[in-house]
Amino acid sequence: MESNLKPRSWRRYVWLFLLFSAVFQSTLAVTHYSIPEEMEVGSVVANLGTDLGLDVQTFIQRNARLDVIANKKYLAINKDRGDLYILEKIDREHLCPLKTSTTCFLKLEVILDNPVRIFYIELEITDINDNNPQFRRDTVNLDITESTSVGERFSVSNAVDSDVGSNSVKTYYLSKNEHFDIEIQSGRDGSKFADLILKSALDREKQAVHNLVLTAVDGGVPQRSGTASIIVRVLDANDNAPKFDQESYTIHLRENSPIGSLVVKLNATDLDEGSNAGLVYSYSLYTSEKTQKAFSLDFNNGEIRVKETVNYEDFRIYDMEVIATDKGNNPLSNQCKLSIVITDINDNHPEISIKSLSSPVKEDIPVNTVIAVVSVSDKDSGENGHVDINISDNLPFALKESSDNYYELIVSEPLDREKMPEYDITITVTDRGNPPLSDNETITLELLDVNDNVPQFPQTFYTIPVMENNAPGTLLSSLTALDPDLHENQYLVYFIIEKEIVNTSMSMLFSINPENGNLYALKTFDYEIEKEFLFHIEARDSGVPPLSSNVTVHIIIMDQNDNTPVIVSPWRAHGSVVEEKIPRSTDKGTLIAKVIAIDSDSVHNSRITYQFLQNTDATLFSLDQYNGEIRTMRMFSYRDSRHQRLVVIAKDNGEPALSATVTIKLSTVETALKTYADMTEVPLEYDIFSDLNLYLVIGLGSVSFLLLITILVTIVLKCQKPNPSKAAPPSRNSVISERNSTIADSTLVSNDAYWYSLFLAETRKGKLVVRQPVPKGSRYFVSSIPRSTGLSETSDSAASTLQASTTTSSSST
């Protein structure tokens, strides 16, 4: 479209007409513009400010607007510049569809406010060549008889063009061919159309269809065109007779062919078409009635089919003659001969008969037992009448010939109903004809159940964990056995095989549902009393005779955390507080006390850990969470309180955890040597057999009798008196440490701690070294060296005697 506009360079013109009316004293002005159709959106038509004598501010201040009269809004005003521009493409053919006039106008009004003023505009839309000529029908079908005379005229569809003037249809062209030409005609309205003229004779047998192309061309620049297809079909004249593919046919037909089966389809052709090529088939007078009775002839398509059963033994050859005639006004015909030869076939199927069938039978039926008697026969003769018989493969049965054409069906292998409850035995008979014919018969043999399967448990041993403190009647497990037998042979009853444990039978502890094998607990179990049970459960079917099997059941009682830890050391009366005294000069790391708790539960539920609930001074004492030992973390200072309160909790590892607590009151005392100067030596046995140690022994004895024996032997060995002949004479200044407590396994007591604070023994050199000032003139006698001091014995004797005299607080050994 743009290339069409450039050479023409569209023009703009303005007509201004002033009409003074004396009656209304008003002025009416119409502004004319002319533009081509299909201008691009945004294209400027004219500047209304210049053409109407208005400045740009007027369009904005007086609210200029455009009204398209009786049409959609194709144009708009740019108020900033006063331009009239294209808002939507204008299609002249759509705006002015009627071709009665070559002009097309669009009437507009420009309206201003304050005061109201209206300008009238006529916009002429000029035509461009933007439409192709189009035929009313794209395809024109013409039927012309091949005998039509030369010069015959035929009307075809004419083309139309939406454009006007020179842009409309101008002429037509026909594609090159040897039989047709066109002649162009003009209508009163100036339209152009073409007539098709036959210029040479047609022959359908040479060319039945002629495809032509008619082209319409307009007068625009550049030219546009449109085409239509003209299909000329040449109609036939009856000038050809029918013709068969062959003059004679020999057909071989098997006897007993199904009625209605196709023997042969005759094929005759006619070069003509339509009714002239339509053929009708019929028997000639030379075809016998017997043949026409045995075979049917379809007069429309020439198919010969079997009309009645044909038998080789009755008639072997059928002769016939068939005529083909066309359907023309002057019909033409032709004929052919046929010979149908009947061939012999194996047309009799063998027959099978089942006699004396025994079904159902028991699954334990003996091998070689006769199940049924089978007879076979075939009406054919020779090989066609000879019959072979067999049964399905992989079946525990066999056929045994008893006499001519009689067979016995016997059991060849043991039967098992649980593996196969019934058998479908297919017996097949086949003759030796070509092709062979066969027949089959299926026997269904049902097996009756015999009680030959022992009930079976899925497992031979059941381990059933049961949590202690269970409720009576709790379902422990379902012990179900399987029996593949049927009916009463499959119905199972469950029993507990009695077994007494300490005068208590299993039926008093457990019960089993005899119908489904559900095992229940009849009492509440306590892990601390009874930990496991072992017994048997029997499953017995209801067959005759009954069969049974049993399974071993192992009941394991699982521990619950249902016992609170019991503190056995340090011993104290229920609810009382343990009071201990320790020297104020106790060293860092000294064992003050050891808390021992026992728990009747097992495994993790009896695992004890220790923690401080209350500690007067957290920097002074430490507690081992695993063995319960309380030791000093530092030496006492003058600022430390003389009374310390320790609350220890012993907690087990159960869920939820259970615990017990003990309160220990510690009092510190000053060391007073003179107080003990005149005291006689106290036997060592008194230190060892303290009340605290006695309760410790009792507590440990409740845990293990063997441990108790070991401790007692150790105590006896350690408590023997030293040999008087080897002991040094006691001194009047002998000092025995104050007794506080004795801890099992040779733990250090408080008086040993005081002794150890004064002296350090070097066993390898046989020396006793003074560690701190010792009062002048004091004598110390050590009858036994505790292991906790770190001193080793200097001789092989059970006890060593060391004497030391000091003259000054700083003197050496």
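This is a dialogue on how to read several features of a predicted model.

Student: What does the protein chain have in the way of helices and strands?
Tutor: The protein chain in this predicted model has 10 helices and 57 strands.

Student: How many residues are in the protein chain, and what share of them is buried?
Tutor: There are 813 residues, and buried ones make up 40% of them. As for the surface, the protein chain exposes about 46100 Å². Carbon and sulfur atoms supply 50% of that area.

Student: What share of the contacts in the protein chain, at a separation of 6 or more, comes from residues 24 or more positions apart?
Tutor: Such residues account for 65% of those contacts. A case to look at is His386, in the loop between β30 (370–377) and β31 (387–391). His386 and Thr430 are 44 residues apart in sequence, and their C-alpha atoms are 8.3 Å apart in space.

Student: Which residues does His386 touch, leaving out those up to four places away in sequence?
Tutor: His386 touches Thr430, Asp431 and Arg432. His386 counts as partly exposed because its relative accessibility is 37%, and buried would mean under 20%.

Student: How do the strands of a sheet pair?
Tutor: Strands of a sheet pair through backbone hydrogen bonds, and the pairing is either parallel or antiparallel. In this model, one open sheet has four strands in the order β46-β53-β52-β49, with mixed pairing. Its edge strands are β46 (578–583) and β49 (609–615), each of which pairs on one side only. From one strand to the next, the twist averages 30°.

Student: How many bridges join β46 to β53, and do the two run parallel or antiparallel?
Tutor: β46 and β53 (residues 659–669) run parallel and are joined by six bridges. To find this pairing in the structure, start at Ile582, whose bridge partner in β53 is Thr668.

Student: How many bridges pair β52 with β53?
Tutor: Nine bridges pair β52 with β53, in the antiparallel sense. Here Lys651 stands opposite Ser659 in β53.

Student: In which sense does β49 pair with β52?
Tutor: β49 pairs with β52 (residues 643–651) in the antiparallel sense, over six bridges. In this pairing, Thr609 stands opposite Lys651 in β52. Lys651 is thus a residue to find on both counts: opposite Thr609 and opposite Ser659.

Student: What is the count of salt bridges?
Tutor: A salt bridge here needs a side-chain nitrogen of Lys or Arg within 4 Å of a carboxyl oxygen of Asp or Glu. By this rule the count is 20. One of them joins Asp449 and Arg417, with the closest N and O atoms 3.0 Å apart. Asp449 lies in the loop between β35 (438–448) and β36 (461–467), and Arg417 in the loop between β33 (406–411) and β34 (422–431), so the pair ties together parts that are 32 residues apart in sequence.

Student: Are Asp449 and Arg417 buried or exposed?
Tutor: Asp449 is buried, because its relative accessible area is 18%. Arg417 is buried as well, with a relative accessible area of 7%.

Student: Which parts does the salt bridge of Lys594 and Glu629 tie together?
Tutor: The side chains of Lys594 and Glu629 meet at 4.0 Å, N to O. Lys594 lies in strand β47 (residues 591–594) and Glu629 in strand β51 (residues 629–632), so the pair ties together parts that are 35 residues apart in sequence. Lys594 is partly exposed, with a relative accessible area of 23%, whereas Glu629 counts as buried at 16%.

Student: Where do Arg634 and Asp617 lie?
Tutor: The side chains of Arg634 and Asp617 meet in a salt bridge of 3.1 Å, N to O. Arg634 lies in the loop between β51 and β52, and Asp617 in the loop between β49 and β50 (621–623), so parts 17 residues apart in sequence are tied together. Arg634 is partly exposed, at 24% relative accessible area.

Student: Which residues are linked in a network of salt bridges?
Tutor: The network links Arg204, Glu205, Asp236 and Glu273.

Student: Which residues form a nonpolar patch on the surface?
Tutor: Phe705, Ile709, Leu712, Val713 and Leu717 form such a patch, and together they have about 490 Å² of accessible area. One of them, Val713, has its place in helix α9 (residues 705–718). Val713 is partly exposed, because its relative accessible area is 46%.

Terms used. Residues numbered from 1 in each chain as written. Predicted model: local features only at pLDDT ≥ 70, side-chain atom pairs only at ≥ 80, totals over all residues. Heavy atoms only, no water. Buried < 20%, exposed > 50% of the residue type's maximum accessible area, 1.4 Å probe, protein only. Contact = heavy atoms within 4.5 Å. Pairing = 2+ DSSP bridges. Axes fitted to C-alpha atoms, helices over the stretch in contact; angles between N-to-C directions. Areas by Shrake-Rupley, 256 points an atom, 1.4 Å probe, with all protein chains shown as cover. Patch = residues over 30% accessible without salt bridge, like charges linked within 9 Å, V, L, I, M, F, W, Y side chains within 5 Å.
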